[in-house]
Every structure is written in C-alpha cells, then in structure tokens.
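This note is addressed to a colleague who is meeting the structure for the first time. The points below may be read with the sequence and the model side by side.

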Amino acid sequence: MTATTHASANRDVVVHSLTDFASLAVVGGEHTVVIDEPREFEGGGTAPNPFGLVLSALGGCMAGTLRGVARQHGFDYERAEIRLSLRINRPTSGPLDPGERELRISRIIADVTVHGELTADQQDALRHGIESCPVGNTLRRALTLQESVTFEAAA
C-alpha cells in the first residue's frame, strides 16, 4: 500500500474510483470494501451501494454497542437482529438524474430484536445502548461535512 492510499486508526477511509460507478474503499489500512451502484442506476450491482453501507455501519454499531452494554452490566443474551430500512427524500432515476444533487436519506428505520431471557433492568440497559450508539448519535445530530476537490493532470 502506498503512502497516498494509507488510512489510519480505522477512522480514516481512502476511496478509489474503479470502473463505471464502482469504488474501492480502504478502511483503516486493514480492510477493503467494494462499493457499487445497483444495476437500475447504471452500476454493476456487484457490491453494496453507498446507502446500504450507511445502514450496515449503523447496524454494526448497534450490534457492537448491545454486546458492550451487556458485558459492562455483567449479563449476556443469545443474539440480536437489527433490521434497517431507509426512506429517501425524493424519487430518483439514478446517478445521472439532475435531481440527484438533492437526494438524501430522510429517515432510517431500525427494528431491533434481542433474543434471550432478560430482566426489565437488562432490557432498559440495552434500549439505552441502542439510543447511544456512536454512529446513531452521528446520524441523529447535525454534522459538518467539509469537502475539498483537487485536480491533477494524468501522469
């Protein structure tokens, strides 16, 4: 991995465009993820789309937070299932639609089911954990997205 593609501490991501609408993300210098648009949006449909990855990040954070809360409070549960869906603010015909510039997720619906014999106090602790997962906190609150674009001539 070159210095220009290095990502650090699992908090940095470097994304490289591939062919068509596909991208390759290098996460924390340790993992790679392919991202693609669905076929109906002129992508190859070969990998999760960007909105799917947002949902996956939220679900993964919720699942990890649930386990962490249970361990912190000295109990366990069998398993958790987190079903996530999203709503967008407007219909779109794909990435070439001029309205795509205004497209955004307007709502995420998370349906969490925890399996196991749990007391009311344990259920309350897990419910609070879901409400405090860091990715969820980020999505629930306004954030600042700072963008810059640099252009370089081909070598």
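1. G136 is a residue of helix α3. The model is a predicted one, and in it G136 has a relative accessibility of 3%, so the residue counts as buried. Its C-alpha atom is 9.0 Å from that of G59, although 77 residues separate G136 and G59 in sequence. G59 is itself one of the buried residues of α1.

2. Helix α1 has 23 residues, which at 1.5 Å a residue should span 33 Å; the C-alpha atoms at its ends are 33 Å apart, so expectation and model agree. At the N-terminal end of α1, N49 acts as a cap, with a side-chain oxygen 3.0 Å from the backbone nitrogen of F51. After α1 comes G74, which has a positive phi, near 75°.

3. Which residues of α1 are buried? They are L55, L58, G59, C61, M62, T65, L66, V69 and A70. The elements that cover them include β4 (79–88), β5, α2 and α3. By contrast, Q72, which also belongs to α1, is exposed, because its relative accessibility is 65% and the cut-off for exposed is over 50%. The C-alpha atom of Q72 lies 9.9 Å from that of A125, with these positions 53 residues apart along the chain.

4. Helix α2 covers residues 120–131. For its 12 residues, a rise of 1.5 Å a residue predicts a span of 16 Å, and the end C-alpha atoms are 17 Å apart, which agrees. Q122, A125, L126, G129 and I130 are the buried residues of α2. Because they cover an arc of only 140° around the axis, they sit on the same side of the helix. A120, D121 and H128, on the other side of α2, are exposed. The buried residues of α2 pack against three elements: α1 (50–72), β5 (105–115) and α3 (134–140).

5. How many residues make up the largest nonpolar core? It has 14 residues, and M62, L66, Y77 and L126 are those with the most contacts inside it. Helices α1 and α2 each supply at least two residues of this core, and the largest share, 6 residues, comes from α1. In soluble globular proteins, nonpolar side chains tend to be buried together.

6. Y77 deserves a separate look. Leaving aside residues up to four places away in sequence, Y77 touches A63, L66, R67, A70, V114, H115, L118 and L126. Two of these partners, L66 and L126, are named with Y77 among the core residues that have the most contacts.

7. The cysteines call for a careful reading. A disulfide is a covalent bond between the sulfur atoms of two cysteines. Why is C61 not counted as bonded to C133? The sulfur of C61 is 3.0 Å from that of C133, its closest cysteine sulfur, which is too far for a bond, because the cut-off for a disulfide is 2.5 Å. C133 is accordingly in no disulfide, and the count by this rule is 0 disulfides. Both cysteines are nevertheless shielded: C61 is buried, with a relative accessible area of 15%, and C133 is buried, with a relative accessible area of 0%.

Key: Residues are numbered from 1 along each chain as its sequence is written. This is a predicted model: local features need pLDDT of at least 70, side-chain atom pairs count only at pLDDT 80 or more; totals for chains, interfaces and linings use all residues. Side-chain values use heavy atoms; hydrogens and water are left out. Helices (H or I, at least four residues) and strands (E, at least two) are DSSP runs, numbered from the N terminus. The expected span of a helix is 1.5 Å times one less than its number of residues. Buried means under 20% relative accessible area, exposed over 50%, partly exposed in between (1.4 Å probe, protein chains only). The arc is that of the directions from the helix axis to the C-beta atoms. Contact means heavy atoms within 4.5 Å. A nonpolar core is a set of buried Ala, Val, Leu, Ile, Met, Phe, Trp, Tyr and Cys residues joined through side-chain atoms within 4.5 Å. A polar contact is a pair of N or O atoms within 3.5 Å; within protein, one must be able to donate a hydrogen and the other to accept it, and residues adjacent in sequence count only if both atoms are side-chain atoms.
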